[in-house]
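Here is a short tour for anyone meeting this structure for the first time. Have a look around, and then we'll go through a few spots together.

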Amino acid sequence: MSAFGGLNGSAPFREIMMMGEEDTLCDVILIAGFLGAGKTTLLRNILNWPGDLSGTAILVNEFGKIGIDGELLQGLNAPVYELTNGCICCTIQADFHSTLVEILDRFHPKRLFIEATGVADPYDVLRFLKTSQLQKRLAVPKVVTVLSGDLWEGREYFGPLFYNQIKAAHLLLFNKVDLIPGKDVTRSLQELKEVNPSCSVVPTHHCQIDPEVLWEPQAKVDHEMTYHSPHLHLDHGSAEEMGFVSFAFENKTPFKAECFQRFMEELPLNLYRVKGFALLKDKRFFVNHVGGKTEWIRMDEAGPTKLAFVGWQISDGPVVEALRACLNSNNL
């Protein structure tokens, strides 16, 4: 667990810590969505909005062994806590509980954003928040689910977890609409309303929404545990039990640019999530790969390679070996 940003005694948070209003319920917004949907992008957008966001705290859960989002959210004047190497909906609930207690006791936030990992079932998270001792300190959570529009066509392959993230939503952001034809957007929105008639569905590009859309009162959504899958009839177990695999690669030696770019282009389909920072010669890039598409962003900050991988029924050995083969031997 680590905390970033907003911990240097900024004025809004000094005031919050002095208030000590234990009896004031903290509003909770749970951000859910499959791997690579745009959850961290949404969070960055929210924290860059004008207006008073003092009293806001963030808890980010990453399935992998290393945290990436904490670095991406640094400098946004809000305390950011990371929970890695597991899922708050199942395997690391004890850490989840203790971290929530620390956030509430230390900052007494008015508002708490919880970004769940892409393989988290929001129903399990909600059930934990409802039955834990924190119920008296937290308001009823609002669930905001981010759905990557280009994944909707392949929905039948993702199983009950994918559908639960949609069915639990009060607000559903149908993101990355630029990647699908306009006529398909309208049809997809109608299909999503059939899955969850109670939620608000908003098409977005880079998760850009009007703040009023997020803050508007939430509709009543049935949060009783239900599953939807035409092919699978299994309860949701841990991510590992469902076949998800996570691993990491960190190194201070830069990659040979052409070799690493070829590595990214030839990733197997079942290694569908790569997120982190790659050092190529003297340049560092943020790499965001999901579903066969890779986004490259040049970073101003220096630093080592730090990559998190998530796949399904895949061995990390050959992947790590291929990465090591791309290291620039002249720098060893």
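Which residues of α6 are buried?

## A covered helix

Keep in mind that this is a predicted model. In α6, the buried residues are G159, P160, L161, F162, Y163, N164, Q165 and I166. That is eight of the nine residues in α6, so the helix counts as mostly covered.

## R187 and its partners

Now for some charged pairs. Side chains of opposite charge can pair when their charged atoms come close. Searching the whole structure turns up seven salt bridges, and R187 is a good place to start looking at them. One of its partners is E153, with 3.0 Å between the closest N and O atoms. R187 sits in helix α7 (residues 182–195), while E153 is in the loop between β6 (142–148) and α6 (159–167), so this salt bridge ties together parts that are 34 residues apart in sequence. As for cover, R187 is partly exposed, at 29% relative accessibility.

R187 also pairs up inside its own helix. An α-helix has 3.6 residues a turn, so residues three or four places apart point the same way. D184 forms a salt bridge with R187, at 3.3 Å from N to O; the two are three residues apart in helix α7, or about one helical turn. With a relative accessibility of 18%, D184 is buried. E191 makes a salt bridge with R187 too, and there the closest N and O atoms are 3.2 Å apart. These two are four residues apart in helix α7, again about one turn. E191 is buried, at 19% relative accessible area. Through shared partners, salt bridges link E153, R155, K183, D184, R187 and E191 into one network.

## Where α4 meets α5

Next up is a pair of helices. Two packed helices are described by the angle between their axes and the distance between the axes. How do α4 and α5 pack? Helix α4 (residues 93–107) and helix α5 (residues 122–131) meet at an angle of about 55 degrees, and their axes are 12 Å apart. That angle falls in neither the parallel, antiparallel nor perpendicular range, so α4 and α5 are oblique to each other. Their crossing is right-handed.

Which residues make the contact? From α4 they are Q93, F96, H97 and L100, and from α5 they are V125, F128 and L129. Sorted by class, the contact between α4 and α5 has five nonpolar residues, two polar ones and no charged ones.

## A closer look at L129

Let's finish with one residue from that contact. L129 belongs to helix α5. Is L129 buried or exposed? Its relative accessibility is 4%, so L129 counts as buried, the cut-off being under 20%.

Who surrounds it? Setting aside neighbours within four places in sequence, L129 is in contact with F96, L100, I114, Q135, L138 and P141. Of these, F96 and L100 are among the α4 residues in the contact with α5. There is also a spacing to note: L129 and C89 are 40 residues apart along the chain, and their C-alpha atoms are separated by 9.9 Å.

Conventions. Residues are numbered from 1 along each chain as its sequence is written. This is a predicted model: local features need pLDDT of at least 70, side-chain atom pairs count only at pLDDT 80 or more; totals for chains, interfaces and linings use all residues. Side-chain values use heavy atoms; hydrogens and water are left out. A salt bridge is a side-chain nitrogen of Lys or Arg within 4 Å of a carboxyl oxygen of Asp or Glu. Buried means under 20% relative accessible area, exposed over 50%, partly exposed in between (1.4 Å probe, protein chains only). Axes are lines fitted to C-alpha atoms, for helices over the stretch in contact, and angles run from 0 to 180 degrees between N-to-C directions. Angles under 35 degrees count as roughly parallel, over 145 as roughly antiparallel, 65 to 115 as roughly perpendicular and the rest as oblique. A crossing is left-handed if the near helix is turned anticlockwise from the far one by less than a right angle, and right-handed if clockwise. Contact means heavy atoms within 4.5 Å. Ala, Val, Leu, Ile, Met, Phe, Trp, Tyr, Cys and Pro count as nonpolar, Asp, Glu, Lys and Arg as charged, and the others, Gly among them, as polar.
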